[in-house]
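Visitor: I am new to this structure and would like to learn how to read it, one feature at a time. Could you guide me through it?

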Amino acid sequence: MTSPARIPRISFTALVLAAVAALLSALLGPSAAQAAPGESRPVYSYDHAIRESVWVDTGLDGDADGRTDRVAADIVRPAEPAQQGRRIPVIMDASPYYSCCGRGNESQKKTYDDRGRPAGFPLFYDNYFVPRGYATVLVDLAGTNRSDGCVDVGGPSDIHSARAVVDWLAGRGRAYTARTGGRPVAAGWSNGRTGMIGKSWDATIANGVAATGVSGLKTIVPISGISSWYDYYFSQGAPLYDSGPDSLAGLVESPATGTHCAAVQRALAAGAPRSGDWTPLWTARDYVRDAGKVRASVFLVHGMQDLNVRTRHAGQWWDALARHGVERKIWLSQTGHVDPFDYRRGAWVTTLHHWFDHYLMGYDNGIERAPGADVERAPGHWSTDARWPAPGTATTVLRPRAGSAPGVGILGTAQAPRGTTETFTDDPRHGEADWAARAGQPTADKAGFSTGALRRPLRLSGSGTVTVTATPSTSTAHLSAVLVDLGPATIRNYTADGEGITTLDRRTCWGLGTPADTGCFKETAADTRKVAYTVFSRGWADLGTYADARKGRPLTPGKPYTITLHLAASDHVVPAGHRLALLVGGTDAGLIDPPASRPALTLDLSRTSAALPLTGGAPAFARATAGAPRPPSGGAPLDGLAPPHAPSRLPAGG
């Protein structure tokens with residue numbers, strides 16, 4: 001039974017055209033039929049779609065029970081193509097969240113009928129794409145929901161359990177009709193072309209599977225995905241959480257794993273010491289190093305204010321893919337950890353439809369020739385570029401100089417005289433919101449440097465770095481560097497629970513549905529706030545990693561150390577009349593954990609600089625700051641968002 005009237009509505013004319021397309025498909029075959037409409041159309045029944053489960057053999061024995069693990073793959077696919085002798089492509093989302101935590105803004109979980117067949121799938125992919133001739137396959141990662149094995153948090157078991165399904169869909173793997181025993185089953189209905197999609201951990205799995213170079217994976221759409229698990233837990237040695245991947249595994253594992261997975265969790269704990277040192281465990285979970293193996297196209301989506309899976313993941317993955325010539329597209333929003341379905345719904349569904357049609361069905365719809373980057377400039381307002389970072393962007397070195405008050409200096413291109421210093425003391429109670437609110441005031445917990453009011457807009461597009469020479473007073477120290485736009489704006493309220501969106505009561509429907517899976521979802525709206533400053537990029541490090549980013553060392557009090565902090569990728573325009581500021585502090589409260597002591601840190605300004613991705617490079621900075629007055633000091637605190645609270649330790653986004 002199809003659910004009642006849904007949006008977008010289908011006119012009588014559209015239904016006639018769909019029927020004609022279906023007839024062409026039956027009479028002329030796939031290539032001729034696809035050439036006629038220009039895009040896949042909803043010509044197949046969702047009511048009568050085939051709903052089935054298979055268990056794919058991974059060839060691994062992660063739970064050490066003496067049998068190779070099988071992972072559950074739940075499938076919804078249209079019945080008609082197989083009846084016509086046609087094979088179809090697959091949209092696949094492999095996740096650990098289908099029973100524990102749910103997917104999407106409404107935390108939906110899989111549901112099954114009284115015979116154990118899939119009844120309700122989270123999200124809209126099945127409702128929208130199955131009538132258009134795609135199969136939707138949702139995979140329970142090893143150790144979760146109805147799958148065997150153990151969760152190893154982005155490691156070989158996680159990645160191989162998803163890759164095994166891609167192999168099976170391409171005719172290379174083994175699957176069965178039951179978790180144990182059962183009869184062998186082949187994916188004879190699949191044409192071997194798979195696209196992976198998902199948010200957060202799901203997106204991470206898509207990155208990891210693509211980095212294996214598996215044949216048959218034609219495209220991935222990672223939304224807020226991790227590209228290196230070390231960078232999820234640490235930032236250059238500075239801990240971002242007070243726990244490790246063993247705790248995360250325990251949160252998502254199925255109760256059926258029992259004691260079988262205790263050894264895996266112990267190995268996770270042992271391999272991820274809280275020291276922040278790089279270990280072989282992190283190497284096995286670093287997909288960036290294998291970007292050269294990626295055969296799939298990549299449509300990368302990320303929130304620039306995501307404080308859970310921070311945009312360093314997007315930036316380093318994007319840059320690595322670029323170095324290897326991977327075909328790619330990017331969307332960058334002003335939200336936090338939010339799916340584009342919940343901040344740009346109509347455009348997202350249309351773009352995703354065209355993307356999958358091109359890479360999975362072979363339509364020549366021009367999506368690969370369209371602008372390669374969409375960036376949200378203000379809530380709900382987007383700009384496009386041919387590629388990203390923006391054309392004409394060049395690394396430009398800016399330098400801090402002392403100002404008229406202690407800790408309130410100038411940001412420009414001139415180098416500070418030798419011997420010029422600024423000193424601050426780490427205060428773990430304060431962070432970027434406190435520093436930015438008092439950017440123009442001397443405070444004991446940060447040093448700040450800003451331009452004067454800009455004469456022209458200044459765009460920063462990409463990833464930057466800040467190199468600091470600092471002398472600590474203790475043997476341990478953490479450093480934070482943030483870029484701030486000082487000026488009034490209306491922005492998404494990314495530190496609130498909705499991370500930039502608010503959920504409404506009314507629903508719209510996308511695709512077709514059944515009573516068990518309506519395809520109808522709550523609408524959302526932008527949650528906005530008027531602010532006097534915007535923090536738009538951040539970087540953190542343990543100063544003890546000054547000599548080796550992969551291993552910390554004790555510091556000698558009174559000795560200067562030089563370290564380069566990597567800033568998270570961003571794309572931000574500082575408007576004319578605003579000021580660009582660089583703030584340097586210790587612990588960024590709520591975002592990194594404090595060191596063992598509370599050091600005073602003295603910055604050598606002559607040996608401190610920021611290498612920033614400015615569109616137009618140094619000439620653009622010179623034009624924007626020409627004749628600008630010296631930045632003021634003092635004044636009342638500026639209004640901003642509420643300080644960031646400690647982000648979720650679960651990269652879920654449900």
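**Helices and sheet**

Guide: Let us begin with a pair of helices in this predicted model: helix α5 (residues 156-169) packs with helix α6 (residues 201-210) at an angle of about 70°, and their axes are 9 Å apart.

Visitor: How are α5 and α6 oriented to each other, roughly parallel or roughly perpendicular?

Guide: Angles from 65 to 115 degrees count as roughly perpendicular, and α5 and α6 are therefore roughly perpendicular to each other. On the α5 side the contact is made by D158, I159, A162, R163 and V166, and on the α6 side by W201, I205, G208 and V209. By kind, the residues of this contact of α5 with α6 divide into 6 nonpolar, 1 polar and 2 charged.

Visitor: What is the order of the strands in the open sheet?

Guide: The open sheet has 11 strands with mixed pairing, in the order β7-β1-β2-β6-β3-β8-β9-β12-β13-β14-β15. At its edges stand β7 (175-176) and β15 (381-385), each with a single partner strand, so that one side of each is left without a neighbour in the sheet.

Visitor: How many bridges join β2 to β6?

Guide: Strand β2 (residues 70-77) and strand β6 (residues 135-140) run antiparallel and are joined by 4 bridges; D74, for instance, has L138 in β6 as its bridge partner.

Visitor: Which strands does helix α11 lie across?

Guide: Helix α11 (residues 312-323) lies across β12 (297-303) and β13 (328-333), and runs at about 160° to β12. Helix α12 (residues 345-361) also packs on the sheet, where it touches β3 (88-95), β8 (190-199), β9 (217-223), β12 and β13, its direction making about 160° with that of β9.

Definitions and conventions: Residues numbered from 1 in each chain as written. Predicted model: local features only at pLDDT ≥ 70, side-chain atom pairs only at ≥ 80, totals over all residues. Heavy atoms only, no water. Pairing = 2+ DSSP bridges. Helix = DSSP H or I, 4+ residues; strand = E, 2+ residues; numbered from the N terminus. Contact = heavy atoms within 4.5 Å. Axes fitted to C-alpha atoms, helices over the stretch in contact; angles between N-to-C directions. Parallel < 35°, antiparallel > 145°, perpendicular 65-115°, else oblique. Nonpolar A, V, L, I, M, F, W, Y, C, P; charged D, E, K, R; others polar.
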